[in-house]
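The exercises below ask you to read a model with care, moving from single residues to the ligand shell and then to the whole chain. Each task is followed by a solution in steps.

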Amino acid sequence: MRHSFWRGKKVFVTGHTGFKGSWLTLSLLQQGADVYGYALPPLQQSDLYHVANLTEVMGSQFGDIRDLTKLQSAISSYKPDIIFHLGAQPLVRASYDDPIETFSTNVMGTVHLLEAARQVDSVKTIINVTSDKCYENKSGVQKSFVESDPMGGHDPYSASKGCAEIVSSAYSRSFYGKNGKFIASARAGNVIGGGDWSKDRIIPDFIRAILNQETMTIRQPKSIRPWQHVLDCIHGYMLLAEKVWTEQEAYVGAWNFGPSAKAFKTVEQLIECSRSYIDRAVDIHYSTTEGPYEAGYLVLDSGKAEQRLGWVSKLTFSDAVKWTMDWYDGYLSGLDMTQVTSNQIRNYHLL
Ligand SMILES: NC(=O)c1ccc[n+]([C@@H]2O[C@H](COP(=O)([O-])OP(=O)(O)OC[C@H]3O[C@@H](n4cnc5c(N)ncnc54)[C@H](O)[C@@H]3O)[C@@H](O)[C@H]2O)c1
């Protein structure tokens, strides 16, 4: 990444109050970008948005991406150069509980964002963050997904991300390009890192079990997932934006950002590795009962990002878990989390 690229760039981030959005915002700010966020208010005081004092270092507005008028007004007043779209309902289980909320946020939210951005001259580059779950992942078939594989999704969340990809491709082909604006989408896997407090995610549940001194029950402990540190993923998004900005048409379309095959580990291995890096008592119960359907094995082929963007996952599985546990340990010990988070970002760029 060319550090000078981001200096003075005006960047609009949807979902800046969330886990990935906060890390992205802090990474952009550290590179000298001017960042404006649009999202729902953060859910709790422990969110990275609060603990890293994002309110003090960026402009932002709380709003719903389904409110087209408000979103349009936020983008047209700020006049960004680049937009990262991360605002979404990101949880599979929540999507079973409320599919309408998930589809309306993830699909119509993306339509609104692309529609609003289309009306604002300053916007030149949009990175639409979807998911590795956007692919049609037939159960029992083990394969490594490349960007040209069909979209699909069994559960409402996965299907909504497949839809968001189709929306972005349709906007790209119908309206963008010829208007001097270019869209790329980024598909990443199961991301870990400090500051995530989402419901029904392994690491946040693990930390809550420590905090509340409760037994943690792990469903589907043998499921293999491609674990990746949030900074590897953010690095990919930023590299992609830089390329789309400078090379335009040549970099539009979809990009996979998955970890190396060595980071494919079971949920149980993730938990045991986490336990080894955090010196705090936690009681774990590995369940044998099945939860609702979740695709068992998802592998992304990131060859395109490696070859054309020069992107690789810099942190090994073990490092990714260690950095994550170091962050939570700092939080539980009452350290200055702005400092801890900034140091992790700085150290990442030194790798
Ligand atoms: N965390 C992961 O492992 C992972 C993996 C693949 C893809 N993703 C994608 O990355 C993005 C960010 O995920 P995250 O893990 O940071 O989730 P998160 O829940 O921590 O953050 C979601 C963000 O979206 C915002 N948002 C939700 N509904 C909104 C609405 N109606 N209007 C405006 N803003 C709204 C929230 O306020 C929050 O800022 C999502 O698009 C998600 O699907 C995440």
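**Exercise 1. Locate Gln-248 and describe its backbone and exposure.**

Step 1: Gln-248 sits in the loop that joins α10 (230–247) to β11 (253–257), where helices (H or I, at least four residues) and strands (E, at least two) are DSSP runs numbered from the N terminus. The model is predicted, so local features need pLDDT of at least 70 and side-chain atom pairs count only at pLDDT 80 or more, while totals for chains, interfaces and linings use all residues. Residues are numbered from 1 along each chain as its sequence is written, and side-chain values use heavy atoms, with hydrogens and water left out.

Step 2: The phi angle of Gln-248 is near 50°, a positive value in a residue other than glycine.

Step 3: With a relative accessible area of 36%, Gln-248 is partly exposed; buried means under 20%, exposed over 50%, and partly exposed in between (1.4 Å probe, protein chains only).

**Exercise 2. Carry out the analysis for Lys-79.**

Step 1: The loop between α5 (68–78) and β4 (82–85) holds Lys-79, a residue other than glycine whose phi is positive, near 55°.

Step 2: Its relative accessible area is 47%, so Lys-79 counts as partly exposed.

**Exercise 3. Is Leu-114 buried or exposed, and which residues is it in contact with?**

Step 1: Leu-114 belongs to helix α7 (residues 99–118), and its relative accessible area of 0% makes it buried.

Step 2: Apart from neighbours within four places in sequence, Leu-114 is in contact (heavy atoms within 4.5 Å) with Ile-126, Val-167, Ser-168, Tyr-171, Tyr-176 and Ile-183.

**Exercise 4. Identify the buried residues of α9 and what covers them.**

Step 1: In helix α9 (residues 202–212) the buried residues are Ile-203, Pro-204, Phe-206, Ile-207, Ala-209 and Ile-210.

Step 2: Their cover includes β8, β9 (215–218), α11 (267–277), β13 (283–286) and α13 (317–332).

Step 3: Just after α9, Gln-213 takes a positive phi of about 50°.

**Exercise 5. Describe the surroundings of the ligand.**

Step 1: There are 26 residues around the ligand, of which Thr-17, Lys-20, Ile-65, Tyr-157 and Lys-161 come nearest; a residue is counted if one of its heavy atoms lies within 4 Å.

Step 2: The shell comprises 11 nonpolar, 10 polar and 5 charged residues, where Ala, Val, Leu, Ile, Met, Phe, Trp, Tyr, Cys and Pro count as nonpolar, Asp, Glu, Lys and Arg as charged, and the others, Gly among them, as polar.

Step 3: At least two shell residues come from each of α2 (19–30), α8 (156–174) and β8 (190–192).

Step 4: An oxygen atom of the ligand lies 2.6 Å from an N or O atom in the side chain of Thr-17, and a polar side-chain atom of Arg-201 is 2.9 Å from an oxygen atom of the ligand. The protein covers 91% of the 830 Å² of accessible area that the ligand has on its own, by the Shrake-Rupley method with a 1.4 Å probe; for residues, only the protein chains shown count as cover.

**Exercise 6. Relate the fold to its overall dimensions.**

Step 1: The protein has 14 helices and 14 strands. Its radius of gyration is 19 Å, close to the 20 Å that the globule rule gives for 351 residues, so the protein is as compact as a globular protein of that length; the radius is taken over C-alpha atoms, and the rule is 2.2 Å times the number of residues to the power 0.38.

Step 2: Of the 351 residues, 55% count as buried.

Conventions
A polar contact is a pair of N or O atoms within 3.5 Å; within protein, one must be able to donate a hydrogen and the other to accept it, and residues adjacent in sequence count only if both atoms are side-chain atoms.
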